[in-house]
Amino acid sequence: MRIACGQQSLDESDGLAVSAALRSGWLTTGPEVERFEAAVAGYVGARFGVAVNSGTAALHAMMHALDIQPGDEVVVPSITFAATANCVAFQGGRPVFADVLPDTLLMDPASVERCIGSRTKAVIAVDYAGQAADYPALDEIARSRGLTLLADGCHALGASLHGRRVGTLARMTSFSFHPVKAITTGEGGMVTTDDEGLAQRMRKFRCHCMDRDYKSREEDGSWRYDIVDLGYNYRLSDMQCALGISQLKRLARFLEKRRALAKRYDVALAGNKHIKPLLSHDDAAHARHLYVVRFPGEAGGANRDAAYAMLRAAGVGVNVHYSPVHLFSFYRRAFGTAAGLCPVAEDAATRILTLPLHPGMAESDVDEVVSLLSEQRWRD
Ligand SMILES: *Cc1c(COP(=O)(O)O)cnc(C)c1O
């Protein structure tokens, strides 16, 4: 694609950071891991960060830390990346799909309430497109029903709500450092939390649930360890963490650029009756991971499909985030979900389109996308 939908922004300093880590002799778990954890936790304002090798592993670690078991239910929004629901299934639990709000595609608190039953253990909010979910309402529901509120913040490093950053708004929050996300480590993820016990559980989980890590074995000179539970190799390497630290230094600039480009789309599309940007409650607090527009009206679905084909043919990377998770064949088969479960999500999925947005884009790229959209004839 001539204009990518999402893309990493790397520079010389990133290369220098990685090659310094390569020369340090550590490669995998070493000093950069703790430095990166402290840097991300410090940035969001959480006490602890636990680095893992993907956002999916971060979500899985949260499920393990909460001790989600077969038969347990966890409420997730239907419009999200499948990993939000998969992490529940990894533990043998059942994801229960809540509908979303039509103007933001954020989880609808009223729908969450209807999804809660006697087996519900937790709710995972998703900060869709980079905008914080309605944490005050979700927190109220979780508290009154004795549930744990968690966050999939994979879109939202740098987003905030009422002055508090995503990463501190739920008991645990997952982040992803995949190349299209706010900062990258190639592949990578992290969980932030204020709870030391949960952080310790996740640190063990990422290394086979050994009761002692390499450091404590080194310190007392003993080779002995116990495997206390079923764990995984979810470790993030030292060189990846060095890249993450270098990237985090530029996060403020990345966010500034994303917000400026989103603003330019907003201004250019204002008043367009065929193409409506999603609602953002607070531009300054939005991490602008995705720029999503809706095609309203009866012909909206056909217009979306036409826009997708036209832009792809013109070399513009567009995408749909996301197909409702409950309609994928795996979920239908494993959990008996079907069309009609989340009507707002199902309707939205036919009429949304994600336009290119990443820090390496020029303002002229935005102008080009908008001009291609305005040349197209839309159906009423
Ligand atoms: C990217 C993403 C994930 C998964 O992250 P990976 O690092 O790709 O495993 C999970 N949830 C959401 C909402 C995401 O966007």
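## Contacts around Val74

Contact means heavy atoms within 4.5 Å. In this predicted model, Val74 has contacts well beyond its sequence neighbours. Leaving aside residues within four places in sequence, Val74 touches Met63, Ile68, Val88, Arg94, Pro95, Val96, Ala122, Val123 and Ile124.

## Nonpolar cores

Val74 also belongs to the largest nonpolar core, which has 47 residues. Together with Met63, Leu105, Ile124, Tyr128, Met172 and Met202, Val74 touches the most other members. Several elements give two or more residues to this core. The strands are S1, S2 (73-77) and S4 (120-126). The helices are H3 (55-65), H4 (83-90), H7, H12 (329-335) and H13 (343-351). Helix H3 supplies the largest share, 7 residues.

Apart from this core lies another, of 45 residues. Its members include Val112, Cys115, Ala156 and Leu157. In soluble globular proteins, nonpolar side chains tend to be buried together.

## The seven-stranded sheet

An open sheet of 7 strands runs in the order S1-S9-S8-S5-S4-S2-S3. Its pairing is mixed. Strand S1 (48-52) and strand S3 (94-98) form the edges, each pairing on one side only. Neighbouring strands are turned by 25° against each other on average, direction ignored.

Within the sheet, S5 (residues 148-152) and S8 (residues 172-176) pair in the parallel sense over 2 bridges. Here Ala151 stands opposite Thr173 of S8.

Ser174 sits in strand S8. With a relative accessibility of 0%, Ser174 counts as buried, because buried means under 20% relative accessible area. Leaving aside neighbours within four places in sequence, Ser174 contacts Gly55, Ala58, Leu59 and Met62. Ala151, Asp152, Gly153, Cys154, Met190 and Val191 are also in contact with Ser174.

## Helix H7 against the sheet

Helix H7 (residues 196-205) lies across S1, S8 and strand S9 (189-193). The helix runs at about 15° to S1.

Leu198 is part of H7. Leu198 is buried, at 8% relative accessible area. Leaving aside neighbours within four places in sequence, its contacts are Ala65, Arg171, Met172 and Thr193. Leu198 and Met62 stand 136 residues apart in sequence, yet their C-alpha atoms are 8.1 Å apart in space.

## Strands S10 to S12

Strands S10 (residues 276-277) and S11 (residues 291-294) pair in the antiparallel sense over 2 bridges. Pro277 stands opposite Val293 of S11.

S11 also pairs with S12 (residues 352-355), again in the antiparallel sense, over 4 bridges. Tyr291 has Leu355 of S12 as its bridge partner.

## Ligand surroundings

The ligand is surrounded by 15 residues. Gly55, Thr56, Asp152, Ser176 and Lys181 are the closest. A polar side-chain atom of Asp152 lies 2.7 Å from a ligand nitrogen atom. Asp152 is also among the contacts of Ser174.

Two residues have polar side-chain atoms placed by ligand oxygen. For His155, the distance to an oxygen atom of the ligand is 2.9 Å. For Tyr322, the distance to an oxygen atom of the ligand is 3.5 Å.

## Backbone details

Tyr322 is in the loop between helix H11 (300-313) and H12. A cis peptide bond joins His321 to Tyr322, with omega at about 5°.

Two residues other than glycine have positive phi. His162 has phi of about 50°. Its place is the loop between strand S6 (160-161) and strand S7 (164-165). Cys209 has phi near 55°. Its place is the loop between H7 and helix H8 (214-220).

How does accessibility class these two residues, buried or exposed? His162 counts as exposed, at 72% relative accessibility. Cys209 counts as buried, at 2%.

Technical notes:
Residues numbered from 1 in each chain as written. Predicted model: local features only at pLDDT ≥ 70, side-chain atom pairs only at ≥ 80, totals over all residues. Heavy atoms only, no water. Pairing = 2+ DSSP bridges. Axes fitted to C-alpha atoms, helices over the stretch in contact; angles between N-to-C directions. Buried < 20%, exposed > 50% of the residue type's maximum accessible area, 1.4 Å probe, protein only. Core = buried A, V, L, I, M, F, W, Y, C linked by side-chain atoms within 4.5 Å. Near = heavy atom within 4 Å. Polar contact = N/O pair within 3.5 Å; in protein donor to acceptor, adjacent residues only side chain to side chain.
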